[in-house]
Structure formats: C-alpha cells, structure tokens
Amino acid sequence: MASPHSLLFTNLLLFLLFSFLSGTLSQYSQTQGQGVGINYGQIANNLPSPSRVAILLQSIQINRVKLYDADPNVLLAFANSNVEFIIGLGNGDLQSMTNPSNAQNWIQTHVQPYISQTKITCITVGNEILTGDDTQLMSYLLPAMKSVYSALQTLGLSNQVTVTTAHSTGILGNSYPPSSGSFQPQLAQYIQPLLNFHSQINSPFLINAYPFFAYKDDPTQISLDYVLFRPNQGMTDSATGLHYDNMLYAQLDAVYAAIKLMGHTDIEVQVSETGWPSKGDANEYGATVANAGAYNGNLVKRIMRNEATPGKPNVPIQVYVFALFNENLKPGPTSERNYGLYYPNGTPVYDIGLQKSYLPQFYISSGTQGTSIRELYTIGLLWSFLTILMMHI
C-alpha cells in the first residue's frame with residue numbers, strides 16, 4: 001500500500017500535470033484569431049510530408065493556413081488540430097463549378113469527409129481571374145461561386161464555410177492616393193455583382209498584395225524603408241489627411257475606397273497573399289534574404305499587435321504570408337521559387353521572430369487512424385509525468 005507521503009506526491013503530480021495541460025491548451029487556443037496565416041503551396045518535388053508540416057506550424061503557432069487545392073493528405077494530417085483552412089478550387093475548375101450538381105459533388109468529395117475533424121472555414125473559387133485575359137473565364141467566376149455556396153447551403157455547411165475568390169492588385173485602376181482608389185473600368189461589369197454577392201453572404205474580399213513588385217519596377221523612386229515597414233517619412237493622403245508609413249496599408253485602403261465607390265462599406269478586405277522573395281534574377285531589385293526577412297518580420301510584428309489601416313482603424317488586418325516553403329517547380333523568374341519562410345528540409349530561410357520551430361524527422365500517419373498532433377503531445381507529456389510518478393511511489 002502506498003504511504004501517505006506517496007499519495008500526497010501522486011496527487012501533487014496529477015494536479016501539476018492537468019494544470020500544465022490546461023495551460024498549454026489554453027495558450028494554444030488563445031492564438032486563434034490572430035491575423036497571421038500562411039500560404040501552403042506545393043508546387044515542388046522535395047517538400048516534407050503534411051504530417052511533419054503540421055508539427056512545424058504548431059511550433060511557430062500558425063493556426064490559419066491557405067491551400068490552393070483541397071489536398072486530402074493535408075486535411076487528414078491536420079485532423080483534430082485547431083488550424084483553420086482556406087481550401088481552393090483551381091481556375092480550371094470554374095466552368096465545371098457553374099453546374100450546381102458538379103459543385104455539390106465537389107463539396108461532398110472534398111469538404112464533407114474532413115470537416116468534422118479539420119476546420120475548413122472558406123473556399124476560394126479561382127485565383128486572380130479578373131486580371132487574366134480570358135473573358136470567358138471571368139464570366140464563369142460569379143456563377144461558380146454561387147453554385148459552390150448553394151451546395152454548402154444544401155448540405156448544411158454554409159454556417160461553417162464561406163466562399164470567396166482572390167484578386168491581384170492589378171484590378172485597381174487607381175491606387176494613389178488611397179482614398180482615390182478605384183477598380184479598372186472594364187472590370188466593373190464583373191466586380192459590381194461580385195461585391196453584391198460578398199455583401200449578401202458576408203464573405204471577405206481577398207487581395208494578393210505585393211509591395212515588392214512596386215519596388216522592383218521602380219527602385220529609384222520608391223523608398224525601400226516604406227515598403228519594408230521601416231521608419232520613414234511615409235505619405236499623407238491629401239484628401240483625408242491620413243498618414244501612411246508603409247505601402248501595404250495604403251494598398252489595402254485603396255481597395256476599400258474602390259469598394260466604397262461601388263456602393264459597399266460592409267465588406268472586409270483581407271490579404272490572401274503577401275510576401276517578399278529571398279532571391280531573384282539580376283533585374284529583380286530588392287530580392288534578398290535581408291529584405292525578405294525585414295518585410296515578413298516587420299509585417300508579422302504589426303499584425304500580431306492587431307494593427308489596422310488608417311482608413312479602417314477598427315478592422316484588424318488579416319494576412320496570409322506567402323509562402324511556407326520555397327517551391328522548386330514553380331515557373332517564371334527566380335523569385336517565384338524563393339518566397340518561402342523555410343527551405344524544404346525545415347531550415348528557416350531567415351528569422352522573422354516566430355517561436356523556435358522544428359521539423360521532426362519521424363513520420364506520423366496522415367491516414368484516418370493516424371495520431372493527431374495534440375494527441376501526440378499529450379501522450380508524451382503523460383508518459384513523462386507517469387515515469388516520474390512511478391519512480392517516487
């Protein structure tokens with residue numbers, strides 16, 4: 001029979017164990033709602049397994065992930081975690097999705113099997129459609145979004161999952177000063193009904209914003225400090241008197257102004273992509289490790305402070321950084337393959353001040369019977385405490 005001393009020690013250890021677990025999970029849950037997310041692209045042949053990526057993201061407390069597809073391996077790997085997902089329908093799927101039956105089949109295949117365990121909160125229908133040159137594809141965009149949303153309603157998922165699409169800042173015809181922001185006139189026929197739909201279903205307007213491109217194209221006229229969130233004189237919008245100390249916030253307010261010009265003040269703008277390459281071609285001015293670290297590091301610090309734009313001071317900015325990994329199979333200039341915060345082996349390309357991260361070498365099954373990330377940590381903690389407990393009884 002255990003002595004009173006042993007029982008007292010046992011009770012103390014159990015109390016500490018549950019206190020520790022409760023505190024850990026509480027701290028973990030408090031990270032929800034923070035405005036920093038990550039784009040998890042997979043155009044590469046050397047990336048780690050989704051299960052290892054799940055542990056990496058938990059270690060840096062990133063709890064919002066945007067995919068460009070609905071990869072079942074990723075969705076399974078993040079089962080029973082608190083990570084929220086935006087999943088994507090590719091541009092090539094738009095015509096098919098205009099058919100309500102096809103849209104419902106897609107939801108039944110790519111959302112329903114996973115949503116009970118993996119937090120899918122949004123579906124993007126296409127990416128940067130309106131800045132392409134395919135007017136037929138543009139005409140499919142809104143009908144496809146409506147079909148997907150109707151399918152969610154039919155299946156009882158519209159309260160959990162919303163629908164949107166992502167745009168390039170190229171949809172703006174004017175962005176300076178921010179209060180004079182407006183969309184390109186020829187896109188009005190597509191954007192006006194799109195905004196009406198966003199307003200109707202209360203979904204965010206997503207914008208891919210890259211101050212890097214502006215600096216690359218005109219490095220002698222655009223202040224590097226202004227685009228990297230470093231101390232600078234900034235600019236003042238003469239119409240509103242609002243001061244801007246960085247380009248990203250000015251771009252966001254230009255989008256808000258363009259939306260307002262079309263009669264809407266009830267739609268939130270979120271940054272679906274932004275980032276800076278750590279390497280580029282000779283003519284890609286500013287694509288360096290130091291600048292990439294400065295841009296993303298300073299951005300993350302601001303977003304973690306729940307900053308808002310001068311024009312929307314009560315709306316904390318939501319950002320998805322591009323991207324998690326360097327992707328070696330992406331076409332285009334060198335910069336396209338060097339936006340990642342991490343190399344595929346899990347080594348940080350640069351330090352942006354996130355919690356120390358690691359990419360474990362062991363594999364966790366991403367199948368339906370695989371151990372969840374939270375379960376793995378809990379089992380490890382329990383084993384450690386029980387080992388100590390047995391040594392003292």
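**Arg302, helix 11 and the strands around it**

Good morning. Let me begin with a single residue: Arg302 is buried, with a relative accessible area of 11%. Please bear in mind throughout that the model before you is a predicted one.

What does Arg302 pair with? One partner is Asp245, and the closest N and O atoms of this salt bridge lie 2.9 Å apart. The two residues come from distant parts of the chain, 57 residues apart: Arg302 sits in helix 11, whereas Asp245 belongs to the loop between strand 10 (243-244) and helix 10. Asp245 is partly exposed, at a relative accessible area of 29%. Arg302 also meets the side chain of Glu307 in a salt bridge, at 3.2 Å from N to O. Glu307 counts as buried, because its relative accessibility is 19% and the limit for that class is under 20%. Through shared partners, salt bridges join Asp245, Arg302, Arg305 and Glu307 into one network. As a general point, side chains of opposite charge can pair when their charged atoms come close.

Across the whole structure, the search finds 6 salt bridges. Another example is the one between Asp217 and Lys216, with the closest N and O atoms 2.9 Å apart. Is Asp217 buried or exposed? Asp217 is exposed, with a relative accessible area of 59%.

I turn now to helix 11 itself, which covers residues 289-304. Its 16 residues, at 1.5 Å a residue, should span 22 Å, and the end C-alpha atoms are indeed 22 Å apart, so the two values agree. Arg302 is one of the buried residues of this helix, which also include Asn291, Tyr295, Leu299 and Ile303. In general, an α-helix has 3.6 residues a turn, so residues three or four places apart point the same way. What covers the buried residues of helix 11? The cover includes strand 1 (36-39), helix 8 (211-217), helix 9 (224-227), helix 10 (247-261), strand 11 and strand 12. Just after helix 11, Asn306 takes a positive phi of about 60°.

Next, strand 11, residues 269-274. Why may we call this strand largely enclosed by the rest of the structure? The reason is that 6 of its 6 residues are buried. Strand 11 pairs with strand 8 (residues 205-208) in the parallel sense, over 4 bridges, and Val269 is the bridge partner of Phe205. Strand 11 also pairs with strand 12 (residues 319-321), again in the parallel sense, over 2 bridges; here Thr274 stands opposite Val321. Between strand 11 and strand 12 the chain passes through helix 11, and this β-α-β crossover is right-handed.

Finally, let us consider strand 3, residues 84-89. Strand 3 is mostly covered, with 5 of its 6 residues buried. Which strands pair with strand 3? Strand 2 (residues 64-66) does so in the parallel sense over 3 bridges, and strand 4 (residues 119-127) does so in the parallel sense over 6 bridges. Phe85 in strand 3 takes part in both pairings: Phe85 is the bridge partner of Val65 and stands opposite Ile120 in strand 4. Strand 2, helix 3 (residues 72-77) and strand 3 together make a right-handed β-α-β unit.

To close, I return to the starting point: Arg302 is buried, and salt bridges place it in one network with Asp245, Arg305 and Glu307. Thank you for your attention.

How values were computed:
Residues numbered from 1 in each chain as written. Predicted model: local features only at pLDDT ≥ 70, side-chain atom pairs only at ≥ 80, totals over all residues. Heavy atoms only, no water. Buried < 20%, exposed > 50% of the residue type's maximum accessible area, 1.4 Å probe, protein only. Pairing = 2+ DSSP bridges. Right-handed = clockwise from strand over helix to strand, strands pointing away. Expected span 1.5 Å × (residues − 1). Contact = heavy atoms within 4.5 Å. Salt bridge = Lys/Arg side-chain N within 4 Å of Asp/Glu carboxyl O.
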